[in-house]
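Student: I'd like a close look at one part of this model, the open sheet, and then a walk outward from there into the packing around it. Could you take me through it in one go?

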Amino acid sequence: MSGAPLDAVVVGSGPNGLAAAIALAQAGASVLVVEGHAEAGGGMRSAELTLPGFVHDVCSACHPTGILSPFFRTLPLEQHGLRWVQPPVSVAHPLDDEPAVLLVRSLEETARGLGIDERAYRRLFEPMVRVEGLIADLLAPLRLPRHPLAMLRFGLRAVRSATGFARGRFRGARARALFAGCAAHAMMPLDHALTAALGLVFCLTGHLTDWPYVAGGTARLTRALVGVLEATGGRVETGRWVRSLADLPPSRVVLFDTSPANVAAIAEAALPARYVRRLRRYRYGPGVFKIDWALDGPIPWRDPNVGRAATVHLGGTLEELAASEAAMWRGDHAERPYVLLCQQSLFDETRAPAGKHTAYAYCHVPGGSTVDRTAAIEAQVERFAPGFRDRILARHTMTAAQLSDYNPAWPGGAITGGVADWRQLFTRPVARLNPYTTPNPRLFLCSASTPPGGGVHGMCGYYAARAALRRLRKGRR
């Protein structure tokens, strides 16, 4: 490429790569995003995976942290075609012999559905809901928070295990199941420290907003972000796989929205050997097995209220979910896995032909698993929706190994960017004062393997861009 070097090149076009590029472009930097696939998006893609006319989200589907993202909320995404679809219930958690537990925006309504734990649940979340901007502190790297007392109270609870916290705080099975279903997003055993954090965060988001889908498919969020980037002067180049730094055009800085293992491979010659070894020792943890269905009708839930939900957590009681997550952590495949299910077409008619529907689900499996979990997942759906299998027209599956091949940012199918335990929560991927920097002052990390971690919120990219901008300004001086 001829001419002056670019200010920045971003490798990878997931939510963090695009967020980093937008933040850089907004500051006046010349930016190019390089993507290996034929279309941008990373984990934000949609396709007709099963039958013509059935639109499925290839990777991420429901976006509570997307609609609440402090950075995304500043962008004119709606002007570039984004429309959020918000079902009336964020999470439904079916149980075998009683009505499903529902997480809705109204704290009072959610609490009333928890029976003997109504008061305990309200006392837990009322103070957090009242603190405006708490979610911005939770979606930030380790720093002095805007709300230090609220963060201290949150942190004292978040450091606990999900099972210990739920059993200590709640007396009934309903509240414990709701909390465990949200905490299981951590993809760690529920008796491990810090798993309570995800339970608190996801319950809190359900009281701040109705968990949304993207109308027309998650790919529309990608298009909106690309539209904002291009309107700000940045560019995206697809179909260009990066194997080494020599594959990139000249630039003052490079940001990587990909896994630490890929950074180590691409930039090995430009980084100290010790740092490269630490990148390669990064732990990714479990993966997922994902399935998409084309359906002849809506899922026939035994409790009709489950059909009002954006996301459904399947697996039963706290004890059942804990057993499932412990199994995948030790390398086994649970007979009754915890299943996360989305039913977008109930609320977005663009997802399927008239009268037909789509559904999406995954369960956690050991990293790199090649085991087909279709039967186990469909058994869990059938458990709470008898007759479900009769409505399946077609299905599409992806093992953890196939997801890893599809998205290089997910080694072993680890969709959260890596294990978020004591060893890697704030030091991901390597312990540094600024986790987005590397020993090479030109190279920066911006993937979900940096704080605050997984999710479609773009905050890893935003904070990485701020670090890169300091370098660019220093260079200009």
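Tutor: Happy to. Strands E1 and E10 are a good place to begin: 5 bridges join them, and the two run parallel. One of the residue pairings here puts Leu6 opposite Ser251, its bridge partner in E10. Please keep in mind throughout that this is a predicted model.

On its other side, E10 (residues 251-256) is joined to E16 by 3 bridges, again in parallel. There, Val254 has Leu443 of E16 as its bridge partner. Put together, the strands make an open sheet of 5, in the order E9-E2-E1-E10-E16, with parallel pairing. The edges are E9 (235-237) and E16, each of which pairs on one side only. From one strand to the next, the twist averages 20°. A general point helps when you look at the side chains: in a regular strand they alternate between the two faces of the sheet.

How much of E10 is covered? Of its 6 residues, 5 are buried, so by the under 20% cut-off for relative accessible area the strand is mostly covered. Part of the packing on this sheet comes from helix H1 (residues 15-26), which touches E1 (6-11), E2 (31-34), E9 and E10. The direction of H1 makes about 170° with that of E2.

From here we can step into the nonpolar interior. The largest nonpolar core has 106 residues, and Leu24, Tyr121 and Leu255 are those with the most contacts inside it. By residue number, Leu24 falls within H1 (15-26), and Leu255 falls within E10 (251-256). Tyr121 has a long list of neighbours beyond four places in sequence, including Leu103, Leu107, Thr110, Ala111, Leu114, Phe170, Leu178, Cys203 and His207. Apart from this core lies another, of 28 residues, with Trp301, Ala361, Cys363 and Ala400 among them.

Tyr121 also belongs to a ring cluster: ring pairs link it with Phe125, Phe165, Phe170 and Phe179. Phe170 therefore turns up twice, as a contact of Tyr121 and as a member of the cluster. Over the whole structure, the search finds 11 aromatic pairs. One of them is Tyr462 with Tyr463, an edge-to-face pair with 5.1 Å centre to centre and 75° between the planes. Tyr462 is partly exposed, at a relative accessible area of 22%, whereas Tyr463 is buried, at 9%.

Cys203, one of the contacts of Tyr121, leads to the cysteines. Cys203 is buried, with a relative accessible area of 0%. Its sulfur lies 3.9 Å from the closest cysteine sulfur, that of Cys182, so the two are too far apart for a bond. In fact, the structure holds 0 disulfides. Cys446 is likewise in no disulfide, as its nearest cysteine sulfur, in Cys460, is 8.3 Å away. Cys446 counts as buried too, at 0% relative accessibility.

Coming back towards E16, what sits in the chain ahead of that edge strand? The loop between helix H15 (400-406) and E16 (443-445) holds Asp421. Although placed in a loop, Asp421 is buried, with a relative accessible area of 14%. Not counting residues up to four places away in sequence, Asp421 touches Met188, Leu194 and Arg283.

Another loop residue, Arg83, makes a useful contrast. Arg83 is found between helix H2 (64-68) and strand E5 (84-85), and it is partly exposed, with a relative accessible area of 48%. Beyond four places in sequence, Arg83 is in contact with Tyr213, Val214 and Ala215. The C-alpha atoms of Arg83 and Ala215 are 5.5 Å apart in space, although 132 residues separate the two in sequence.

One last stop is helix H14 (residues 374-384), which is mostly covered, with 8 of its 11 residues buried. The buried residues are Thr374, Ala376, Ile377, Glu378, Gln380, Val381, Arg383 and Phe384, so charged residues such as Glu378 and Arg383 are on the list as well as nonpolar ones. The cover over them includes strands E11 (287-295), E12 (309-314), E13 (339-342), E14 (357-365) and E15 (392-398), together with helix H13 (318-329).

How values were computed
Residues are numbered from 1 along each chain as its sequence is written. This is a predicted model: local features need pLDDT of at least 70, side-chain atom pairs count only at pLDDT 80 or more; totals for chains, interfaces and linings use all residues. Side-chain values use heavy atoms; hydrogens and water are left out. Helices (H or I, at least four residues) and strands (E, at least two) are DSSP runs, numbered from the N terminus. Buried means under 20% relative accessible area, exposed over 50%, partly exposed in between (1.4 Å probe, protein chains only). Contact means heavy atoms within 4.5 Å. Two strands pair if DSSP finds at least two bridges between them. Axes are lines fitted to C-alpha atoms, for helices over the stretch in contact, and angles run from 0 to 180 degrees between N-to-C directions. Rings of Phe, Tyr and Trp (its six-membered ring) pair if their centres lie within 6.5 Å; planes under 30 degrees apart count as stacked, over 60 as edge-to-face and the rest as tilted. A nonpolar core is a set of buried Ala, Val, Leu, Ile, Met, Phe, Trp, Tyr and Cys residues joined through side-chain atoms within 4.5 Å. A disulfide is a pair of cysteine sulfur atoms within 2.5 Å.
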